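Me: I want to practise reading a fold feature by feature. Please take me through this one.

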Amino acid sequence: MAITAQDVNRLRQETGAGMMDCKKALTEADGDFEKAKDILRKQGQKIANKRADNTTSEGIVLTHVSPDGKTGRVVGFACETEPVSKVADFQNLAMALLDNAVAAKPATKDELLALPQGDGRSLQEHITDLIGKLGEKLDVTAYEVVTAEQVVAYNHSNGKLGVLVGLNNAGTTDVAEVGKDIAMQIAAMKPVAIDKDGVDSTIVEREIEIGKDQARAEGKPEAMLEKIAMGKLQKFYKDNTLLNQEFVKDSSVTIAQLLEKTSKGLTISAFKRVAIG
């Protein structure tokens, strides 16, 4: 059957796919709109499979803190190129991901992606559709939740970095400002854990071996390697664990000391740093 411009435009309005893609899909489906939609969806899956190994170094990171300030959520939605990250459909889907996370409170990324939308199809299916429309890999790179007595969020100006930090035992002290400062510290200094006890054992073992190798290369005696490596490990903790880092706004105090100065007993229970690129 003949495919009219009105048919193509109708399919484009319903799916958001490009004009040429809609025309090809309608032609292949002999004018059947539902079949044409299925063809477009399969096209999105084909592109997704083809570009699965591509790097996603652009995108957007969004954060949300509940009205009571006790729960924070952060979503990272990535694409391959900067122009696609600016497309309204991409940004709208990123916002839909966050809105669904806030409304449904999924515990994991997989649960988030499985959430049904108004048309009965999942968020993952909508992402696949958009892959077909935009022609490049799209990926939810992270979905994290932080709960605490007070959660503070920070979004970097480039839109590609977001931080949540959870604070406890503030008492009657308003810790919003110091929470923002600490979130910015996390954004800039990339700590791997809150304190040394939270550092993964594999990282500790690796740092010890690196310390030994460096000392050995410097010609230090074999009997001294362990002691030297442990000294380097302490330096690693100072640079890479949040409580032991120097506060970027005032290097005379560590983050642990900053907390104690703000409110005696104030603690950090968790943080999440999500970055794209």
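Me: Let me start with a strand pair. In what sense do β1 and β2 pair, and over how many bridges?

Reply: A general point comes first. Strands of a sheet pair through backbone hydrogen bonds, either parallel or antiparallel. This model is predicted. Here β1 and β2 pair in the antiparallel sense, over eight bridges. Within this pair, I60 stands opposite F77 of β2.

Me: What is the strand order in the open sheet that holds β1, β2 and β3?

Reply: The order is β1-β2-β3, and the pairing is antiparallel. β1 and β3 stand at the edges with a single partner strand each, so one side of each has no neighbour in the sheet. Neighbouring strands are turned by 10 degrees against each other on average, direction ignored.

Me: Which strands does α5 touch as it packs on this sheet?

Reply: α5 touches β1, β2 and β3. The direction of α5 makes about 150 degrees with that of β2.

Me: Next, the interior. Which residues of the largest nonpolar core touch the most other members?

Reply: Again, the general idea first. In soluble globular proteins, nonpolar side chains tend to be buried together. In this model, the largest nonpolar core has 24 residues. F77, L97, L112, I127 and L138 touch the most other members. Elements that give two or more residues to this core include β1 (58-65), β2 (71-79) and β3 (139-147). Helices are on that list too, among them α3 (33-50) and α7 (123-134). The most comes from α5, with six residues. Another core, of 23 residues, lies apart from this one; Y154, L167, I186 and I255 are among its members.

Me: Y154 makes me look at β4. Which strand order does the sheet with β4 have?

Reply: In a regular strand the side chains alternate between the two faces of the sheet. Keep that in mind when you follow a strand. This open sheet has three strands in the order β4-β5-β8, with antiparallel pairing. Its edge strands are β4 (150-155) and β8 (267-275), each pairing on one side only. From one strand to the next, the twist averages 15 degrees.

Me: Over how many bridges do β4 and β5 pair?

Reply: β4 and β5 (residues 161-168) pair over six bridges, in the antiparallel sense. Y154 has V163 of β5 as its bridge partner. A153 stands opposite L164 in β5. The hairpin has five residues between the strands. There, G159 takes a positive phi near 75 degrees.

Me: Now the domains. Where are the bounds of domain 1 and domain 2?

Reply: Domain 1 covers 5-51 and domain 2 covers 54-147. Their centres, taken over C-alpha atoms, are separated by 23 Å. The contact takes 10 residues from domain 1 and 11 residues from domain 2. About 880 Å² is buried between the two, and carbon and sulfur atoms give 50% of that area.

Me: Which three residues supply 59% of the area that domain 1 buries against domain 2?

Reply: They are R41, I47 and R51. No other three residues supply more.

Me: One last residue. Is M19 buried or partly exposed?

Reply: Apply the cut-offs: buried is under 20% relative accessible area, and exposed is over 50%. M19 has 41% relative accessibility, so M19 counts as partly exposed. M19 is found in helix α2 (residues 19-28). Not counting residues up to four places away in sequence, M19 touches V8 and R12. M19 and V8 are 11 residues apart along the chain, and their C-alpha atoms are separated by 6.6 Å.

How values were computed
Residues are numbered from 1 along each chain as its sequence is written. This is a predicted model: local features need pLDDT of at least 70, side-chain atom pairs count only at pLDDT 80 or more; totals for chains, interfaces and linings use all residues. Side-chain values use heavy atoms; hydrogens and water are left out. A nonpolar core is a set of buried Ala, Val, Leu, Ile, Met, Phe, Trp, Tyr and Cys residues joined through side-chain atoms within 4.5 Å. Buried means under 20% relative accessible area, exposed over 50%, partly exposed in between (1.4 Å probe, protein chains only). Helices (H or I, at least four residues) and strands (E, at least two) are DSSP runs, numbered from the N terminus. Two strands pair if DSSP finds at least two bridges between them. Axes are lines fitted to C-alpha atoms, for helices over the stretch in contact, and angles run from 0 to 180 degrees between N-to-C directions. Contact means heavy atoms within 4.5 Å. Domain bounds come from an automatic or database domain assignment. Buried area is the accessible area (1.4 Å probe) that two parts lose on being put together, summed over both.
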